[in-house]
Amino acid sequence: MAVIGRSSVTTGDSLSATWRLLWTTEKEQLFIIEKAGLFGTRAGEVLQVIDVRKGTLNNVITFPPDGVFFVRSDIDISSPQRVNFRFTSAVLRGSNWEVPLPPFGQGW
């Protein structure tokens, strides 16, 4: 597979979309998903919204009916097959409250 994919471009415009996250090892996201009951709700959709041209990647965890955990990131295309990211802001929001959280983390 590595030989077949070596010349593939995985960082082009086709990466720009709203992606449903089915699996993650990201500790903060897992904590929020698992502890949603503390906020009187459950985790809904877990999404990544990527816009290559704007250089953004946003992680979104919804909490029905109207809550959300939202993390903004800047991205930088470092090669045809690698995207670097750096978190820039985070907020946990309910229907009539909002808690800004310190963003931390970066990777590829």
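Me: How many positive and negative side chains does the chain have, and how far apart do the centres of the two sets lie?
Reply: There are 11 positive and 10 negative side chains. The two centres lie 4 Å apart. Keep in mind that this is a predicted model.

Me: OK. What does the exposed surface come to, and what share do carbon and sulfur atoms supply?
Reply: About 7,400 Å² is exposed. Carbon and sulfur atoms supply 58% of that area.

Me: And the overall span of the C-alpha trace? What is it along the principal axes?
Reply: About 50 × 25 × 20 Å.

Me: Switching to the fold. How many helices and strands, and in what order do the elements run?
Reply: The chain has 2 helices and 7 strands. From the N terminus the order is α-β-α-β-β-β-β-β-β.

Me: What part of the chain counts as buried?
Reply: 28% of the 108 residues. As for contacts with a separation of 6 or more, 38% of them link residues 24 or more positions apart.

Me: Which residues make up the largest nonpolar core?
Reply: It has 10 residues. They are I32, A36, V46, I61, F63, F69, V71, F87, A90 and L92. Strands β3 (56-63), β4 (67-79) and β5 (82-93) each supply at least two of this core's residues.

Me: Which element gives the most to this core?
Reply: β5, with 3 residues.

Me: Take F63. What does F63 touch, leaving out residues up to four places away in sequence?
Reply: F63 touches I32 and A36, then T41, R42, A43 and G44. On top of those, F63 touches V68, F69 and L92.

Me: What does the second core include?
Reply: That core is separate and has 6 residues. Among them are I50, V52, L57 and V83.

Me: Back to β3. Is β3 mostly covered or mostly open?
Reply: Mostly covered. In β3, 6 of the 8 residues are buried.

Me: How does β3 pair with β2?
Reply: Strand β2 (residues 46-51) and β3 pair in the antiparallel sense, over 6 bridges. I50 stands opposite L57 of β3. Both I50 and L57 belong to the second core.

Me: What about the turn between β2 and β3?
Reply: The two strands form a hairpin with 4 residues between them. G55 sits in that turn with a positive phi of about 70°.

Me: And how do β3 and β4 pair?
Reply: Antiparallel again, over 8 bridges. N58 has R72 in β4 as its bridge partner. A hairpin of 3 connecting residues joins β3 to β4.

Me: Where is the cis peptide bond?
Reply: From P64 to P65, with omega near 10°. P65 lies in the loop between β3 and β4. That puts P65 in the connection of the β3 to β4 hairpin.

Me: One more residue. Where does S73 lie, and why does S73 count as buried?
Reply: S73 lies in strand β4. S73 counts as buried because its relative accessibility is 1%, and the cut-off is under 20%.

Me: What does S73 touch, again leaving out residues up to four places away in sequence?
Reply: S73 touches G55, T56, L57 and N58. R86, F87 and T88 are also on the list. Some of these have come up already: G55 is in the turn between β2 and β3, L57 is in the second core, and F87 is in the largest core.

Definitions and conventions: Residues are numbered from 1 along each chain as its sequence is written. This is a predicted model: local features need pLDDT of at least 70, side-chain atom pairs count only at pLDDT 80 or more; totals for chains, interfaces and linings use all residues. Side-chain values use heavy atoms; hydrogens and water are left out. Buried means under 20% relative accessible area, exposed over 50%, partly exposed in between (1.4 Å probe, protein chains only). Contact means heavy atoms within 4.5 Å. Accessible areas come from the Shrake-Rupley method with a 1.4 Å probe; for residues, only the protein chains shown count as cover. Lys and Arg count as positive and Asp and Glu as negative; His and the chain ends are not counted. The place of a charge is taken as NZ of Lys, CZ of Arg, CG of Asp or CD of Glu. A nonpolar core is a set of buried Ala, Val, Leu, Ile, Met, Phe, Trp, Tyr and Cys residues joined through side-chain atoms within 4.5 Å. Two strands pair if DSSP finds at least two bridges between them.
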